[in-house]
Amino acid sequence: MSWNTAQIQRDDSAHYLHPFTDTAALAKTGARVMVKAEGIFVWDSEGNKILDAMSGLWCVNMGYGQQSLVDAATRQMETLPFYNSFFNTTVVPAVDLARNLSEVTPTGFTRAFFTNSGSEANDTMIRLVRHFWSLQNKPEKQFIIARKNGYHGSTIGGASLGGMSDMHKQGGLPIPGIAHIGQPYHYACGTDETPEAFGLRAASWLEDKILEIGADKVGAFVGEPVQGAGGVIIPPPGYWQEIERICRKYDVLLVSDEVICGFGRLGAWFGCQYFGYTPDLILFAKGVTSGYLPLGGVMLGARVGDALVAGGDFNHGFTYSGHPVSCAVALANLKLMHEHKIVNKVATDTAPYFHQKFMSLADHPLVSITETCGMVAGLVLVQDKATRAPFASDRSVGMVCRRHCFASGVIMRAVGDRMIIAPPLVMSHAEIDLMIALIRQSLDATAKEMAQ
Ligand code: PMP
């Protein structure tokens with residue numbers, strides 16, 4: 001099929017406001033038009049084949065072109081495309097999915113609340129946490145502590161929880177009752193501390209904040225197991241255990257935002273299992289359907305779940321909570337994950353191979369460090385490898401590198417000077433080899449341009 005790229009780009013800039021985009025700047029270059037996908041590749045309207053090392057947006061975990069997901073959606077659309085779960089009614093795919101999710105989440109997580117996105121999962125969490133503490137006769141436990149540079153979505157609640165200052169600047173955020181502590185980013189702190197010592201210190205910032213606000217006013221702490229949109233910030237060993245200990249000490253609920261880390265991304269069903277902590281609530285989205293349809297939600301551990309059920313009406317919900325087609329696709333996706341034993345395969349084969357290959361990029365003259373955790377990875381671009389001195393910020397090395405990645409046929413995301421990827425879980429060794437070769441080629445091209 002041939003496409004009129006220029007016309008699509010004109011219509012795009014005239015009518016379509018993109019997320020997180022400078023519309024006027026995009027109009028000058030025109031958007032890249034993605035038209036089809038198969039396996040780990042996407043094609044644009046000019047016929048370029050590009051290896052999608054970001055899995056769409058951290059979501060197409062099982063890769064493109066999975067016919068069983070398409071068939072599940074078609075069957076459900078033909079049978080019952082929609083019905084709500086508001087007025088003492090239910091739909092079978094939502095029931096089956098809630099039960100299936102309880103089988104892959106930690107013990108006690110027997111109940112699911114469904115949303116359409118990760119942002120709505122975070123907003124739902126705020127309402128759940130505050131309602132829970134009211135039911136406990138502690139209505140003053142309203143504060144939720146999150147982290148600077150964390151990402152929890154773009155709704156008013158989600159963006160308030162997130163620690164992105166550029167988002168807070170627009171729309172008068174954060175809302176009251178949200179506080180932030182520093183992120184556990186060892187490289188950026190530039191000290192001689194061991195990662196373990198730094199991890200304990202970073203966790204202690206939570207205790208400081210709880211004491212500052214007053215434990216009787218703090219309802220929950222929320223964090224991503226590995227911070228994704230903030231640049232794949234992998235916490236040091238021991239950090240999460242210490243966070244869990246502090247939460248338990250002050251009776252603060254622990255919320256794991258698994259929108260990126262869930263569904264095998266780290267080589268465990270959920271990031272909390274990978275790092276070995278037990279949260280009270282798990283937030284999910286993205287990988288639950290491999291991105292084929294919008295779906296998110298909250299899995300409730302026994303403490304909050306039992307209290308909520310005993311507490312009467314929870315006055316919260318979305319028209320599409322438990323949408324039957326999204327849930328049917330999620331069920332097909334879980335089935336596919338089980339059939340491929342994908343979580344175990346990632347843990348024992350794909351992620352270790354990926355780690356070895358990605359770490360080999362550390363010898364590149366532009367790269368100061370490389371890090372991976374399961375199937376997410378990041379590297380830092382520097383001007384001087386020996387001193388780790390960064391490029392001047394107006395030279396936007398990350399953006400230069402992202403452009404060269406596209407030109408070389410691989411998609412990486414730039415977060416400042418950090419280049420990050422979250423490739424599909426279904427990658428073969430040969431595909432990983434190809435991806436690393438394309439990244440190296442892009443780094444070479446970036447180095448050449450930055451030297452000019
Ligand atoms: N939480 C985390 C950890 C995320 O990474 C994201 C999206 N990248 C969200 C929440 C928001 O999800 P959505 O874009 O589906 O609203």
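Start by selecting Cys 373, which in this predicted model stands opposite Val 376 in strand β12. Widen the selection to the two strands that carry this pair: β11 (residues 367–373) and β12 (residues 376–381) run antiparallel to one another and are joined over five bridges. The hairpin that they form has two residues between the strands, and there Gly 374 adopts a positive phi near 55°. If you now show the surroundings of β11, you will find that six of its seven residues are buried, so this strand is largely enclosed by the rest of the structure.

Go next to the sheet closer to the start of the numbering, by selecting β1 (34–38) and β3 (49–51) together with β2 (residues 41–44). These three strands make an open sheet in the order β1-β2-β3, with antiparallel pairing. Because β1 and β3 stand at the edges and have a single partner strand each, one side of each is left without a neighbour in the sheet. Seen along the sheet, the twist from one strand to the next averages 30°. Between β2 and β3 there are three bridges, and Val 42 can be picked out opposite Ile 50 in β3.

Finally, select His 152, in the loop that connects β5 (143–147) with α7 (156–161). With a relative accessible area of 3%, which is under the 20% cut-off, His 152 counts as buried. Its side chain makes a polar contact of 2.7 Å with the side chain of Asp 257. Beyond its neighbours within four places in sequence, the residues in contact with His 152 include Gly 118, Ser 119, Asn 122, Val 222, Gly 223 and Glu 224.

Technical notes:
Residues are numbered from 1 along each chain as its sequence is written. This is a predicted model: local features need pLDDT of at least 70, side-chain atom pairs count only at pLDDT 80 or more; totals for chains, interfaces and linings use all residues. Side-chain values use heavy atoms; hydrogens and water are left out. Two strands pair if DSSP finds at least two bridges between them. Helices (H or I, at least four residues) and strands (E, at least two) are DSSP runs, numbered from the N terminus. Axes are lines fitted to C-alpha atoms, for helices over the stretch in contact, and angles run from 0 to 180 degrees between N-to-C directions. Buried means under 20% relative accessible area, exposed over 50%, partly exposed in between (1.4 Å probe, protein chains only). A polar contact is a pair of N or O atoms within 3.5 Å; within protein, one must be able to donate a hydrogen and the other to accept it, and residues adjacent in sequence count only if both atoms are side-chain atoms. Contact means heavy atoms within 4.5 Å.
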